[in-house]
Amino acid sequence: MGKWFPALYDAGMKGLENGMFKEIRKALLDKAEGIVLEIGSGSGINFPLYTKAERVDAIEPDPYMIERAARRISEAKVPILVHQQSAERLEFPDNAFDAAVATLVFCTIPDAELALKEIKRVLKPGAPILFFEHVKMPQPSLATMQDILNPVWRRVCGGCNLNRDTASEIKKAGIHIEKTRTYYKGLFLAIECRNIEEMCENTGIREW
């Protein structure tokens, strides 16, 4: 992304992050307990908001984002360990975490399917998976506009995709969605999930 992008990102998002986004993040992170995995922690915006976690292992591939997150690590109420890793190849053993968090990151992950598979692998069965993402909008005209703008947006904004349908990716991965809340006419979603497979239609038996 380059050294300039983390600073510009924080400046550009400041208004939202000091308002509604902060409340959305706090509500989700209150559900993250025990040993928590955070995917794509960026500049550490979530770090001061964890209150119930025993420890947070945060992964972030961009070294400049990791460098910028150092201040927020010092503001955190719980231990934070940052690892330079990609979401598609997590360097953790199976069943290592009690919860996972991903906020405004799945728009940039190159292989969302593989990343979701890795999250499922390293989480304990039944563990919560908490997402806050911007997604492709449900209104056809707005979704078309996102498609048109996406090539330029992606180049300018460090690989961010305006039109990724993350909720559908989660469902395709077989992750059980418990609750979804929409914001800004469906542009942003808060999605609470569990690391269990969806119910089989014919048998009514959950598959792990």
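1. A residue is called buried when its relative accessible area is under 20%. Leu123 has a relative accessibility of 1%, and therefore counts as buried. This and every other value below comes from a predicted model. Leu123 sits in the loop that links helix 4 and strand 5.

2. What surrounds Leu123? Leaving aside neighbours within four places in sequence, the residues in contact with Leu123 are Asn95, Phe97, Asp98, Ala99, Ala100, Pro128, Ile129 and Asn195. Another pairing is given by C-alpha atoms: those of Leu123 and Ala96 are 5.7 Å apart, although 27 residues separate the two along the chain.

3. Overall makeup. The protein has 6 helices and 7 strands, arranged along the sequence as α-α-β-β-α-β-β-α-β-α-α-β-β. Of its 208 residues, 49% are buried. Among contacts with a separation of 6 or more, 64% are between residues 24 or more positions apart. The exposed surface comes to about 10,500 Å², with carbon and sulfur atoms supplying 55% of it.

4. The sheet. The 7 strands form an open sheet in the order 3-2-1-4-5-7-6, and the pairing is mixed. Strand 3 (80–83) and strand 6 are the edge strands, each pairing on one side only. From one strand to the next, the twist averages 20 degrees.

5. Strand 1. Is this strand enclosed or open to the outside? All of its residues are buried, 6 of the 6, so strand 1 is largely enclosed by the rest of the structure. Strand 1 runs parallel to strand 2 (residues 53–59), joined by 6 bridges, and pairs with strand 4, also in the parallel sense, over 4 bridges. Glu38 shows both pairings: its bridge partner in strand 2 is Ala58, while in strand 4 Glu38 stands opposite Val101.

6. Strands 6 and 7. Here the two strands run antiparallel and are joined by 8 bridges. Ile177 stands opposite Cys193 of strand 7. Cys193 also appears among the contacts of Phe131, which are listed in point 8.

7. The largest nonpolar core. In soluble globular proteins, nonpolar side chains tend to be buried together. The largest such core in this model has 30 residues, and Leu37, Ile39, Phe106 and Phe131 have the most contacts inside it. Two or more residues each come from strand 1 (34–39), strand 4 (99–103), helix 4 (112–122), strand 5 (128–134), helix 6 (166–172), strand 6 (175–183) and strand 7 (188–197). Helix 4 gives the largest share, 5 residues.

8. Which residues are in contact with Phe131, leaving aside its neighbours within four places in sequence? They are Leu28, Ala102, Phe106, Leu116, Ile170, Leu189, Ala190, Ile191 and Cys193. Apart from the largest core lies another core, of 24 residues, including Phe21, Val56, Val78 and Phe188.

9. Salt bridges within helices. The count of salt bridges comes to 9. One of them joins Arg71 and Glu75, with the closest N and O atoms 3.0 Å apart. Both residues lie in helix 3 (residues 63–75), 4 residues apart, about one turn of the helix. Arg71 counts as partly exposed at 48% relative accessibility, and Glu75 as partly exposed at 38%. Glu169 forms a salt bridge with Lys172, where the closest N and O atoms are 3.8 Å apart. These two residues are in helix 6, 3 residues apart, again about one turn of the helix. Glu169 is partly exposed, with a relative accessible area of 22%, whereas Lys172 counts as exposed at 64% relative accessibility.

10. A salt-bridge network. Salt bridges that share partners join Asp94, Glu118 and Arg121 into one network. In the bridge between Asp94 and Arg121, the closest N and O atoms are 2.8 Å apart. Asp94 lies in the loop between strand 3 and strand 4 and Arg121 in helix 4, so this pair ties together parts that are 27 residues apart in sequence. Asp94 is partly exposed, with a relative accessible area of 48%, and Arg121 counts as partly exposed at 26% relative accessibility.

Note on methods
Residues are numbered from 1 along each chain as its sequence is written. This is a predicted model: local features need pLDDT of at least 70, side-chain atom pairs count only at pLDDT 80 or more; totals for chains, interfaces and linings use all residues. Side-chain values use heavy atoms; hydrogens and water are left out. A nonpolar core is a set of buried Ala, Val, Leu, Ile, Met, Phe, Trp, Tyr and Cys residues joined through side-chain atoms within 4.5 Å. Buried means under 20% relative accessible area, exposed over 50%, partly exposed in between (1.4 Å probe, protein chains only). Contact means heavy atoms within 4.5 Å. Accessible areas come from the Shrake-Rupley method with a 1.4 Å probe; for residues, only the protein chains shown count as cover. Two strands pair if DSSP finds at least two bridges between them. Axes are lines fitted to C-alpha atoms, for helices over the stretch in contact, and angles run from 0 to 180 degrees between N-to-C directions. A salt bridge is a side-chain nitrogen of Lys or Arg within 4 Å of a carboxyl oxygen of Asp or Glu.
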